[in-house]
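Subject: The structure we talked about

Hi,

Here is the structure I promised to pass on. Have a look at it first, and then read my notes below.

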Amino acid sequence: MADALLRADVASTASTALGDALVGVKSTLTGAVATTQHEVNSRAVNVFDFLSSAQKADVIAGTAALDVRSALADAVAAARGKKLTFPEGQYLINTDGGSITLEEVTLQGEMVLDGATASLDQGAVFRFTGTTNSPFKIKRGVTIDGLGFYYPNQTDTATPTAYPVMLDFDYSGGAVQFVYIQNNVVYNAYRWIDMADSSGDVGHIWITDNTVCALNRGVYVRHNLEHIRVSRNNFTFGHWLASTEGGARAYVRANCAYLQVDQSDGIELIDNLMFGSLYGGLYAASGLTQMQTISLNKMDQVRYPVRATGTGNFDGTITANIFNAFNSQDTTAQGRAVWVNTSGSAREMLIITNNTFKVATEEAMVFANGTPTRDVVVSGNTCLSWAAYKAAGSYFAMSINGALGNFLISSNYFYGGNSTAYSGGIGGTTNSVYLHGNVFETMQTPISITTTNATVSNNTSTGTAGSLTDQVFCTAAVIFGNNFDKPNFPLIKVPIASVENFANDAAAAAGNVEVGGWYRNGSVLMIRVS
């Protein structure tokens, strides 16, 4: 009884109130003060407090036959600034009744477990019907944790129902910031998250540790939004089975981007598992898309793991990812792991390092368009089996088709032996290139570059197949320390008129041409040997 009457204000409340207001409580922690059980209970809101007896029974039984949208909207409004908890059960929400706006509230469900059937049958699960509204509008200060989201009426078809976006960011009343979406399971979302801002009022968003089946778009970022982290999520087909490959799975393979960014000033795509989509990250730049971090992701059977296109710019760091850029159901379809062909006017800076390129139906990396000027570092990567399933042709592991680019390509391993094409290592046209310490194994043409300036040093090619070999066409080159297995073919092709003219080795020596250096005698290209 002592704890129930610790303070006079508790006793006073007890004299006029009923129920939990009559019970005084005090934490055992040092410094805690006495309060009432009523005050403790009000710190969090339980959604069951807003459901009728019939609705609660329906949720608990998992039949999800009674619409709880209106009651849930009331609960959300009452819980602003607090935590709204959801006991285990199936909650039917008919979105035709309108969207529920979330602001300064935490939705906390039971941890969702994926059942063995084609639906979510454990944890706290929202089951959406209706096709006219987004279930939730997201404003500032929102946390969604440990819930299931499910469209039970979505069918296994190659033309799925285009339901409205599930979580629609609403910046109309001010900036949407400090949003945490974590530990949820999402089934059958046509579009999961859409940050449809066009003015830059969204930022400080964390999307982590979710399992997501999205058919058309996973996370869609529209404008110059900052500080967004998409990490440790599992983007997958969900419960759509391989036996129905021509249905929803086929639609995902042909249409889905797990992340689309139209414009941004800083997004982190880190440590996600992505499986079976058209795009892993689609950077459809309409403006500056910079300071991107793409790291530690595993993208399996994603046709274009990183695709940057549009009239804007793209720069950032792509590191420590595993890319498998092909579609196991259509091995003739184009598949490229990193494909950059934006056409903006600003300089782009890309660092591509320590990635594993396992299989690409065509090239592993492609850099196209002469503008913008690109400074690209490609270092420490492993490229295996590009041009897989293709007949022999001009498929390079790394294809450069932008005359204004500057490339540092070092310490990479290119192995073409798993490719039926036995194609090339690095090829194309660029402004300048530095090739150092790369290993090329089992391919037709390890190096075929047209450039203004080149430094080619300490590279090795072995097991070369076919009739072509290493060649660099340029006006200025430094070549040393390489070990190529077809020395009877020219390593350098230079415009003859650009080479200094000397009558013999003695004259070349007097002209400061080193032993092993190039000079010409009239129209004949010579190498000084003494």
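**Strand 15 and its partners**

Strand 15, residues 202–208, is mostly covered, with five of its seven residues buried. Before I go further, please keep in mind that this is a predicted model.

Strand 15 has a partner in strand 13 (residues 176–182): the two run parallel and are joined by six bridges. If you want a spot to find by eye, look for tyrosine 180, which stands opposite tryptophan 206 of strand 15. Strand 15 also pairs with strand 17, again in the parallel sense, over five bridges. There, isoleucine 205 stands opposite isoleucine 228 of strand 17. As you trace these strands, remember that side chains in a regular strand alternate between the two faces of the sheet.

Strand 17 covers residues 226–231, and histidine 227 is found in it. Its phi is worth a glance: near 60°, a positive value in a residue other than glycine. Is histidine 227 buried, exposed or partly exposed? Its relative accessibility is 48%, so histidine 227 counts as partly exposed.

**The whole chain**

Now zoom out. The chain has six helices and 46 strands. Of its 530 residues, 51% are buried. The accessible surface adds up to about 21000 Å², and carbon and sulfur atoms account for 52% of that. How many of the contacts between residues at least 6 apart in sequence join residues at least 24 apart? The share is 68%.

**The cores**

The largest nonpolar core has 113 residues, and the members that touch the most others are Phe136, Trp192 and Met195. Strand 14 (residues 185–195) gives the largest share of this core, with seven residues. Apart from this core lies another one of seven residues, including Ala257, Leu278, Tyr279 and Trp339.

Met195 is a nice one to click on. Not counting neighbours within four places in sequence, methionine 195 is in contact with Phe169, Val202, Ile205, Ile207, Val219, Tyr220, Val221, Arg222, Leu225 and Ile228. You have met two of those already: Ile205 and Ile228 are the pair that stand opposite each other in strands 15 and 17.

**Tyrosine 279 and strand 25**

Tyr279, from the seven-residue core, lies in strand 22. Its relative accessible area is 16%, under the 20% cut-off, so tyrosine 279 counts as buried. Leaving out residues up to four places away in sequence, it touches Cys256, Ala257, Tyr258, Val302, Tyr304 and Arg307. Take Tyr304 from that list: tyrosine 279 and tyrosine 304 are 25 residues apart in sequence, but 4.8 Å apart in space from C-alpha to C-alpha.

Strand 22 (residues 279–285) pairs with strand 25 in the parallel sense over six bridges. One place to see this is alanine 284, whose bridge partner in strand 25 is threonine 309. Strand 25 itself runs over residues 304–310 and is mostly covered, with five of its seven residues buried. Strand 25 is also joined to strand 28 (residues 338–340) by three bridges, and these two run parallel as well. For that pairing, look for alanine 308, which stands opposite valine 340 of strand 28.

**Two loops**

Serine 134 sits in the loop between strand 8 (124–129) and strand 9 (136–138). Is serine 134 buried or exposed? With a relative accessible area of 7%, serine 134 is buried. Beyond its neighbours within four places in sequence, serine 134 is in contact with Ser99, Pro164, Val165, Met166 and Asp168.

The other loop lies between strand 29 (348–353) and strand 30 (356–360), and asparagine 354 is in it. The phi of asparagine 354 is near 60°, a positive value in a residue other than glycine. Asparagine 354 is partly exposed, with a relative accessible area of 48%.

**A patch on the surface**

Last stop: Trp518, Leu525, Ile527 and Val529 form a nonpolar patch on the surface, and together they have about 360 Å² of accessible area. Where is valine 529 placed? It is in the segment after strand 46 (524–527). Valine 529 has a relative accessible area of 63%, so it counts as exposed.

Cheers

Notes
Residues numbered from 1 in each chain as written. Predicted model: local features only at pLDDT ≥ 70, side-chain atom pairs only at ≥ 80, totals over all residues. Heavy atoms only, no water. Patch = residues over 30% accessible without salt bridge, like charges linked within 9 Å, V, L, I, M, F, W, Y side chains within 5 Å. Areas by Shrake-Rupley, 256 points an atom, 1.4 Å probe, with all protein chains shown as cover. Salt bridge = Lys/Arg side-chain N within 4 Å of Asp/Glu carboxyl O. Helix = DSSP H or I, 4+ residues; strand = E, 2+ residues; numbered from the N terminus. Buried < 20%, exposed > 50% of the residue type's maximum accessible area, 1.4 Å probe, protein only. Pairing = 2+ DSSP bridges. Core = buried A, V, L, I, M, F, W, Y, C linked by side-chain atoms within 4.5 Å. Contact = heavy atoms within 4.5 Å.
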